[in-house]
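Grab a pencil and work through the exercises below. Each task comes with a solution you can check step by step.

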Amino acid sequence: MTATTESRPRTAAPSMVAATRLGWGIVALVALALPVYASGYHLYQFSQVLIYAIALLGLNLLTGFNGQISLGHGAFFAIGGYGAAILITKFGLPYWAAIPIASAVCFVAGFLFGFPALRLGGLYLALATFALAVAAPQILSYKGFDAYTGGSQGLQLAKPHPPFGLPLNIDQWLYLVCLGCAAALFWAVANLVRGRVGRALVAIRDHPIAAEAMGVDAALYKTTCFGISALYAGVAGGLSAITVGFVSPDSFGLPLSLAFLVGIVVGGLASIGGVIFGALFIEFVPNYADQLSVYFGESAKALPGAIYGLLLILLMAVAPSGVAGAIRAAVRVFDRALRS
Amino acid sequence: MTTRRTFLTSSAMTAAAFAASGWPARAENAPGVTDTEIKIGQTMPYSGPASAYGLIGKTEAAYFRMINETGGVNGRKINLISLDDGYSPPKTVEQVRRLVEQEQVAFLFNTLGTPPNAAIRQYLNDNKVPQLFVATGAAMWGDPQHFPWTIGFQPNYQTEAAIFGKHILATKPDAKIGVLYQNDAFGKDYLIGLKAGLGADHAGMVIKEASYETSEPTVESQVVTLQGSGADTFLIAATPKFAAQAIRKSYDIGWNAVRYMTDVSLSVAAVMKPAGLEKSKGVITAIYYKDATDPRWADDSGFKQFAAFVSKYMSPSEMADSNTTYGTLAGATIVQALKQCGNDLSRENIMKQAGNIRDLELPMLLPGVKINTSPDNFYPIRQLHLARFNGESWGLFGDVMTD
């Protein structure tokens, strides 16, 4: 491993690097200060944002960097969520042990799903994963698993209390758990894509034949990438189970999988920082759409979906490469203006 | 150790919540209650897979608008904040926390769906926020011992099946019953209720049970199996598509059984017509509210009130939807509970009055069906009227039955 910075494409302007660092610094400061100032309700919302960001990060690794489209990450999210919930409620495991185990199960499931995915390209893979998302809620409510899954009524789980008598309430503690997981997972992906592995993943996406000619084991990379991506979705699902305190088949329906896809496109494909914007979008925009629909009169309560769709179209028209792409473009313009 | 720490943390949290949100220390009125307003909240699936039920929330908002225009409840107007949860439990938790912690509503009213309500029940009970008249047919909402802040509303599936069981005992004590049920919480609640209605001594009357999955294309082989068992009474606990198949098949194979069917599938257009109106004759179901599309009620004063409300505050096209009827029933019930509260609008008293409704009759309830609650009965509607399909519509017969 030679210094990874050397192998980084040198196209980024120095001001871009500075802007990126500044951006991450601000994000870190805000994220750390939040538990002090925000109410329990807002901390719950931002915990959800972090959870979505983790899932989006995994999906972006798969779809954005490696070019494998998945419409079924809600299913891996569900495995993580139910896995953690079952280990906690039926086997009495603590959450800090349950989530890693459930995530490991997700890795295996994703890795195995990666093999049939090898034979399916583009839209065909999208369809196969779509089937996963459609099947997941029904499998979860299947009677044979009732004893473990609680059937269509789902499972309740108690929220974990802060350890070591820390002077935090449950919302603050759960938020910090999510933040810690997110930070570690962001760091891991950033390192992964910056190096040799990242270049191989992108090469497979852009030109699989050329990549193989260069000696990249495409099958291994693609299946492993699927596994890691599923692992991220699994961690997110497990964290979701403990922050919500409840799992049911309806928690992991098809809309969730579609929301993930919306999230990575809105944030920016193959952008790590972009997933934060994607997560903010899928957490908050439906709420705003619901609130906006009030202004259309009482009889228009059916509109939140339409307003959500309109906002999505507007955003895609203004920023076709996602929020991350728009910021990049803005920094470039700013940079040019400074030099001229 | 753990319990002590748990207790300390939770009491600290509660204290912090009280301090931060400025809840009144005096145990008088609930948050959200002023001299002119009662602010209440709910979640509804305005978007997502269950969005057809969103009409219930719209109806309730319209109903409260009517109440407010005619002076409100004891001089206070009802301000319903109805938020979209897309039928997704994590979103429900978020929206309910917003309602309780940010909007400071007095209580939750008619939140819709079994999973969404299950996700918030513990939170609301921990914080002593009433979760009133939840919009779900599951049998888990009338448990005041463990969840004193949660109360159900409509008759649940067990209640209905128990009433069928009683009717079978009364009319055909030596019946041999075959049951077709959907293999989920709905179908299983039905089996439990039927056996409860028959009583432990008669549980043996159920000689054959056949289940199906919603993914199966047809239930015809189950119907044939049930006939082959020698059953002479056929209970259909199935959703519309499968109920229609069961009705048609049982007729086609010449099975001359008395057929009972869940009210989930009582739609003439979606079930009886596809099954064949002639083939559907004689099927028995149990209902509790007036069907707004039934011409029999055209001159009924209760129906006229309902029709006047819908044409003034909603659009006439929404009249035929049973969700509109349902919304007015729930709205009228909460108005009654709030009236009973008088000027004491503490959460304790609101909960107490919700659990203290006596013989409430509403315009769109069938004659004889009354809403009753008490400290140990958190199932408000336990009465149903049997109805037989006459080839065109449902004809009521017999008396109102209680489980």
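**Exercise 1.** What covers the buried residues of H7(B)?

Before we start: this is a predicted model, where local features need pLDDT of at least 70, side-chain atom pairs count only at pLDDT 80 or more, and totals for chains, interfaces and linings use all residues. Residues are numbered from 1 along each chain as its sequence is written, while chains are lettered from A and ligands numbered from 1 in the order in which they are written.

*Step 1.* Find helix H7 of chain B at residues 220–228 (helices are DSSP runs of H or I, at least four residues; strands are runs of E, at least two; both are numbered from the N terminus).

*Step 2.* Pick out its buried residues: Gln222(B), Val223(B), Leu226(B) and Gln227(B). Buried means 20 or more other C-beta atoms within 10 Å of a residue's own, exposed means 12 or fewer, and partly exposed is in between, with C-beta atoms placed from the backbone.

*Step 3.* Now look at what covers them: in chain B, the cover includes strands S5 (177–182), S6 (206–212) and S7 (233–237), plus helix H8 (240–252).

**Exercise 2.** Which exposed residues does the face of H7(B) turned away from its buried side carry?

*Step 1.* Turn to that face and you'll meet Ser221(B) and Gly228(B).

*Step 2.* Carry on just past the helix: Gly230(B) has a positive phi of about 90 degrees.

**Exercise 3.** How many helices and strands does chain A have?

*Step 1.* Count them up: 15 helices and two strands.

*Step 2.* For burial, 47% of the 340 residues of chain A count as buried.

*Step 3.* Along the principal axes, the C-alpha atoms of chain A fill a box of roughly 60 × 50 × 50 Å.

Notes. Two residues are in contact if their C-beta atoms, placed from the backbone, lie within 7 Å.
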